[in-house]
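Let's take a walk through this model together, beginning with a single side chain and widening the view from there. Keep the structure open beside you as you read.

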Amino acid sequence: MSTHIGAEPGEIAPRVLLPGDPLRAQWIADTYLDGATEYNRVRNMLGYTGTYRGTPISVQGSGMGQPSLSIYANELFRDYDVRQIVRVGSCGALSADLDLRDIVLGMTASTDSAMNKLRFHGLDYAPAADFALLEATWRASSSRGARTVVGQLFSSDSFYPPRPELTTLLKEHGVLAIEMEASALYTLAAQYDRQALSVCTVSDHIVNGTQTSSEDRERTFSDMVEMALDAMLEVPVE
């Protein structure tokens, strides 16, 4: 049992899906995992373990933003020896080539957070996804209806940024979409020598202002989760 996760040793699988919303974690467990049992309710950040196609899989809510995700990623890697984490969440598109409900696989994740500046004593660290997970998820996308692209994410510390004009600069430098967690996840995976990937569905378009309905988000969330699950089974845990 760790500070924020109430699981006993062995109750969390080596492969973990990490949605921000704990109710999404419950939905994933109910929809995709056989024999799912709840292992965590601390702070209502729900966590479950079951099997998918016979392989143990856990799903754990992480909350919004890098500080919250870092709590759960740290404890999963450090205290429960988790080997793979795939974040499944939403993002806001910057690229004109992206449409609503497209799926972005985050190859890298820049950020405006000071977390890595503090960690690396002012140096710029470039967090990146695990290539094996990235490649496997890309292959898994070929059997899905949703369009999938690979590229740069930007992990923002602000849901309502005080300087929205900076999105133009990010767009000009090839950033596809903005979310709030990937940079911290990739950094922690590197620290612990583990595998991590962020898979994000475009829920709104920051440039043109369009957005999906709640029903659309749920339907496309299914594509993203299925891709992630299939990829995790394909990649051996180290």
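A good place to start is W138, which sits in helix α4. This is a predicted model, so please read every value below as computed from predicted coordinates. Is W138 buried or exposed? The answer falls between the two: its relative accessibility is 44%, so W138 counts as partly exposed. Setting aside residues up to four places away in sequence, W138 touches L105, T148, V149 and V150. Strand β7 covers residues 148–155, so you can follow the chain from there later on. W138 also offers a way to look at how the chain spreads out: L123 is 15 residues away along the chain, and the C-alpha atoms of the two are separated by 31 Å.

Now step back to the whole chain. How many helices and strands does the protein chain have? There are seven helices and nine strands. The radius of gyration is 17 Å, close to the 18 Å given by the globule rule for 238 residues, so the chain is as compact as a globular protein of that length. Along the principal axes, the C-alpha trace spans about 45 × 45 × 30 Å. Of the 238 residues, 54% count as buried. The accessible surface comes to about 10,800 Å², and carbon and sulfur atoms hold 52% of that area.

The contacts tell us about the chain's path. Among contacts with a separation of 6 or more, 76% are between residues 24 or more positions apart. As for charge, the protein chain carries 19 positive and 31 negative charges, and the mean positions of these two sets are 1 Å apart.

Back to individual residues, this time at the start of the chain. I12 lies in the segment before β1 (15–18). With a relative accessible area of 8%, I12 is buried. Which residues does I12 touch, not counting those up to four places away in sequence? They are I5, A7, Y39, T49, S58, L76, Y80 and V82. The C-alpha atoms of I12 and F221 are separated by 23 Å, with their positions 209 residues apart along the chain.

Two further buried residues share a contact partner. S156 is found in the loop between β7 (148–155) and α5 (166–172), and its relative accessibility of 5% makes it buried. Beyond its neighbours within four places in sequence, S156 is in contact with D112, I178, E179 and M180. T167 belongs to helix α5 and, at 18% relative accessibility, counts as buried; the cut-off for that class is under 20%. Leaving out residues up to four places away in sequence, T167 touches L94, I178 and I206. I178 thus appears in the contacts of S156 and in those of T167.

Helix α6 (residues 182–192) deserves a look as a whole. Nine of its eleven residues are buried, so α6 is largely enclosed by the rest of the structure. The buried residues are A182, S183, A184, L185, Y186, T187, L188, A189 and Y192. Right after α6 comes D193, with a positive phi near 55 degrees.

That backbone angle leads to a small detour. Most residues other than glycine have a negative phi. D81 has a positive phi, near 55 degrees, and is not a glycine. D81 is located in the loop between α2 (66–80) and β5 (84–93), and a relative accessible area of 43% makes it partly exposed. H121 is another non-glycine residue with a positive phi, about 55 degrees. H121 lies in the loop between α3 (115–119) and α4 (131–141) and counts as exposed, at 76% relative accessibility. Helix α4 is also where we met W138.

One last stop concerns the cysteines. How many disulfides does the structure hold? The count is zero. Why is C91 not bonded to C200? The sulfur of C200 is the closest cysteine sulfur to that of C91, yet the two are 4.9 Å apart, which is too far for a bond; a disulfide would need the sulfur atoms within 2.5 Å. C200, likewise, is in no disulfide, and its nearest cysteine sulfur is that of C91. C91 is buried at 3% relative accessibility, and C200 is buried with a relative accessible area of 0%.

Key: Residues are numbered from 1 along each chain as its sequence is written. This is a predicted model: local features need pLDDT of at least 70, side-chain atom pairs count only at pLDDT 80 or more; totals for chains, interfaces and linings use all residues. Side-chain values use heavy atoms; hydrogens and water are left out. Helices (H or I, at least four residues) and strands (E, at least two) are DSSP runs, numbered from the N terminus. The radius of gyration is taken over C-alpha atoms; the globule rule is 2.2 Å times the number of residues to the power 0.38. Buried means under 20% relative accessible area, exposed over 50%, partly exposed in between (1.4 Å probe, protein chains only). Contact means heavy atoms within 4.5 Å. Accessible areas come from the Shrake-Rupley method with a 1.4 Å probe; for residues, only the protein chains shown count as cover. Lys and Arg count as positive and Asp and Glu as negative; His and the chain ends are not counted. The place of a charge is taken as NZ of Lys, CZ of Arg, CG of Asp or CD of Glu.
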